[in-house]
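Visitor: I should like to go through this model and ask on what grounds each description rests. Please set every value against its criterion.

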Amino acid sequence: MNAMQKTYKAIDFPPLTERQETLIESLKAVRPEEIDTSDMPECTGNGAPRYVRQTDVHAKIDDDTLAWLKEAGKDYLCRLNSVLRWARLNGCPVTLL
């Protein structure tokens, strides 16, 4: 295992209720072509959503911020976009520090 991989402990969840079991069985019966995915972002193959419409932007960011984004490895620009998306969706104010 390399330094970037994490290990997780299993969680002992309570058993499913009868209602949950019924819901799971009904979902198993749905054919893939019956599922409307038109409002979902495209998947990149690594589990991260890829939003189809993107615009190239050239900007300067602080060295320490760039180093922080690069700590997790490749795809730091994707992480930057994810951080900005999270901030927007969670109502973070856009002000100068």
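Visitor: How many Å² does the protein chain expose, and what share do carbon and sulfur atoms supply?

Guide: The model is a predicted one. In it, the protein chain exposes about 10,000 Å², of which carbon and sulfur atoms supply 57%. Of its 97 residues, 1% count as buried, the criterion being a relative accessible area under 20%.

Visitor: What is the confidence of the prediction, and which elements have the lowest and the highest mean pLDDT?

Guide: The average pLDDT of the protein chain is 82, and 79% of the residues score at least 70. Among the elements, helix α1 (residues 18–28) has the highest mean, 94, and strand β2 (residues 49–50) the lowest, 64. The local features discussed here need a pLDDT of at least 70.

Visitor: What is the order of the elements from the N terminus on?

Guide: The order is α-β-β-α-α, with 3 helices and 2 strands in the protein chain.

Visitor: What makes the contact of Lys28 and Glu25 a salt bridge?

Guide: The N to O distance between the two side chains is 3.3 Å, and the criterion asks for a Lys or Arg nitrogen within 4 Å of a carboxyl oxygen of Asp or Glu. The pair therefore qualifies as a salt bridge. Both residues lie in helix α1, 3 residues apart, about one turn of the helix.

Visitor: Why is Lys28 called exposed, and why is Glu25 called partly exposed?

Guide: Lys28 has a relative accessible area of 59%, and exposed means over 50%, so the term applies to Lys28. Glu25 has 45%; partly exposed covers the range between 20% and 50%, so Glu25 belongs there.

Visitor: How do you know that Arg31, Glu33 and Glu34 are linked in a network?

Guide: Arg31 takes part in two contacts: with Glu33 at 2.7 Å, N to O, and with Glu34, where the closest N and O atoms are 3.0 Å apart. Each distance is within 4 Å, so each contact counts as a salt bridge. Arg31 thus belongs to both pairs, and the three residues are linked in a network. The structure holds 3 salt bridges.

Visitor: What are the exposure classes of these three residues?

Guide: Glu33, at 59% relative accessibility, is exposed, because the value is over 50%. Arg31, at 46%, is partly exposed, and Glu34, at 45%, is partly exposed as well.

Visitor: Which residues make the nonpolar surface patch?

Guide: Leu23, Leu27, Val30 and Ile35 make a nonpolar patch of about 370 Å². Ile35 is found in the loop between α1 and β1 (42–43).

Visitor: How do you know that Lys70 lies over the face of Tyr76?

Guide: Lys70 is at 4.9 Å from the ring centre of Tyr76, and the distance limit is 6 Å. The position over the face also requires an angle within 35 degrees of the ring normal. As for ring pairs, the structure holds 0 aromatic pairs.

Visitor: What makes the phi of Asp75 worth noting?

Guide: Phi of Asp75 is near 65°, a positive value in a residue other than glycine. Most residues other than glycine have a negative phi. Asp75 is placed in the loop between α2 (63–70) and α3 (76–89).

Conventions:
Residues are numbered from 1 along each chain as its sequence is written. This is a predicted model: local features need pLDDT of at least 70, side-chain atom pairs count only at pLDDT 80 or more; totals for chains, interfaces and linings use all residues. Side-chain values use heavy atoms; hydrogens and water are left out. pLDDT is the predictor's confidence in each residue, from 0 to 100. Helices (H or I, at least four residues) and strands (E, at least two) are DSSP runs, numbered from the N terminus. Buried means under 20% relative accessible area, exposed over 50%, partly exposed in between (1.4 Å probe, protein chains only). Accessible areas come from the Shrake-Rupley method with a 1.4 Å probe; for residues, only the protein chains shown count as cover. Patches are made of residues with over 30% relative accessible area and no salt bridge: like charges are joined within 9 Å, nonpolar side chains (Val, Leu, Ile, Met, Phe, Trp, Tyr) within 5 Å. Rings of Phe, Tyr and Trp (its six-membered ring) pair if their centres lie within 6.5 Å; planes under 30 degrees apart count as stacked, over 60 as edge-to-face and the rest as tilted.
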